[in-house]
Amino acid sequence: MNYKYESQRVAYPFFIAAMLLFAGQIIFGLIIGAQYIWPDLLFPAIPFNIARMIHINLLVVWLIFGFMGSAYYLLPEECEGEIYSVKLALLQFWLFLIGGATAIVGYLFRWHDGREFLEQPTLIKVAIVIVVLMFIFNMIMTLIKGRKWTSISTVLLIGFLGLAVFYLFAFFKPANMVVDKYYWWFVVHLWVEGVWELIMAALLSFLLLKLTGIDREVAEKWLYVIVGLTFLTGIIGTGHHYYWIGTPAFWQTWGAYFSAFEMLPFAAMVAFSFKMVSKRTRSHPNRAAILWTVGASVLSFIGAGLWGFMHTLPQINYYTHGTQVTASHGHMAFFGAYAVIVLAMASYAVPNLRKLRPTHQKAEILAFWTMCVSMMFITLSLTGAGIVQVYLQRVLGMPYMETQSHMVLFYGLRLIFGATFAIGLGIYLYDFFFPCKGGECRSDA
Ligand code: HEM
Ligand code: HEM
Ligand SMILES: [Fe+2]
């Protein structure tokens, strides 16, 4: 186990930053989870709206660090050449870290700019665009200089280009609230149900190739199917956010039909990973990486495919829109798809970057099960809360705050499973940062 190209090592700081920010995200998750039960907690220093902002912004930032680290690890092996500029990669790393940290600290001092997920002040948004452009330039130059240009590289590149292009809509802030919301979804929906799915599919294909030894042609066929299904369903599927916000009525039909099929690319990823793993020609020693990889396809299918489908038809969304049902889906989908695929890449790449043989993985496998089972229970708690909310508030017409008082049990359960999730993450991070306790893992340089 070893890295093959010197420049792959630049991926390492990206994974480290991702892990630290992930820890921060969960600390703030626990704070807002607790504030749901003790609303005065930490008030006025860290009010709910600010802590929530930090929770979801840290999420997006650590995932993008993870995507970039994964790309820097993957590209040299895919295109058989070094990264075009390691210096540029490091510069881009520090800019992103400083920009991200400034945004988070800024939120604590009330320096923010409105809309959910896009709260970054304009200056920080500009810095983010510059960072992503530096990254994409480095990626394209690496591809041009490399000996090979594979379909995995192409899909990854389209994913990152899309990530950059759709983020530009964050700068567009029309005064009309309908128009504003309309374009807000160009960032949020077209990211997670469009271009990020391509990034995930590319990383999944790379991991399955490395971990199973199956032919590249087989993986590429699956990759094309997944990409095709993503575009076919996800783009017009945006309509599932246009049912009730003042957009034309035809979106109820178009949004319903196309988004109902959005589970297909996720189903294809499940079939893909099980096929590859069952037909593997070698048994790879990194069992944890296989677990995370298959886990990403299964959990994304549950979170995005099943929990997404659950509330995507207008007949149902009419009742569930903006309730805890939405939050239950948001958690399982973001975690199952994007957190887990980044953890899978980290699990595969980091031991190689450290030149360690991944022989003792008990702690990491324990962390996998603790985190995934806890997240399943967080999702189920929120689904329970959502069902109560829909019935009392939307069917019986009980006022919002009165309804909330009947949901406390589920918020308590969410906090308990949040705590077990945090324990799982603690185990994971301990193992990540201190991999060789008692000289257990041998160097294999
Ligand atoms: C990994 C992919 C996905 C992620 C990360 C994700 C995440 C999210 C998040 C965070 C929200 C809440 C946004 C807000 O703040 O209002 C949301 C809303 C929604 N998602 Fe997803 N989603 C994914 C895939 C899907 C799929 C495949 C479907 C349909 C089959 C779907 C259907 C919906 C619907 C209908 C809403 C609106 C809920 C409402 O009306 O309140 N999502 N999603
Ligand atoms: C300790 C575990 C966690 C706790 C206690 C927690 C708690 C919360 C709370 C209280 C909210 C605000 C919900 C609201 O406004 O009604 C929230 C939002 C959110 N969290 Fe978490 N969270 C945790 C872990 C995670 C993880 C691991 C992810 C994804 C990888 C995640 C993704 C999100 C997203 C996407 C939202 C916005 C959801 C929406 O708008 O529907 N959280 N979280
Ligand atoms: Fe969507």
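Donors are N, O and S atoms within 2.8 Å of the metal (3.2 Å for Na, K and Ca); water is not among the atoms, so sites may look incomplete. The model is predicted: local features need pLDDT of at least 70, side-chain atom pairs count only at pLDDT 80 or more, and totals for chains, interfaces and linings use all residues. Residues are numbered from 1 along each chain as its sequence is written, chains are lettered from A and ligands numbered from 1 in the order in which they are written, and side-chain values use heavy atoms, without hydrogens and water.

**Exercise 1.** Identify the protein donors of the iron atom of ligand 2 and place them in the chain.

Step 1. NE2 of His55 and NE2 of His331 are the protein donors, 2.0 to 2.1 Å from the iron atom.

Step 2. His55 belongs to helix H2 (residues 48-79) and His331 to helix H12 (residues 324-353), so the pair, 276 residues apart, links distant parts of the chain. Helices are DSSP runs of H or I with at least four residues, numbered from the N terminus.

Step 3. His55 counts as buried because its relative accessibility is 10%, whereas His331, at 28%, is partly exposed. Buried means under 20% relative accessible area, exposed over 50%, partly exposed in between (1.4 Å probe, protein chains only).

**Exercise 2.** Describe the surroundings of Thr238.

Step 1. Thr238 sits in the loop between helix H7 (216-237) and helix H8 (250-260).

Step 2. Its relative accessible area is 5%, so Thr238 is buried.

Step 3. Not counting residues up to four places away in sequence, Thr238 touches Trp185, His189 and Leu190; contact means heavy atoms within 4.5 Å.

Definitions and conventions:
Helices (H or I, at least four residues) and strands (E, at least two) are DSSP runs, numbered from the N terminus.
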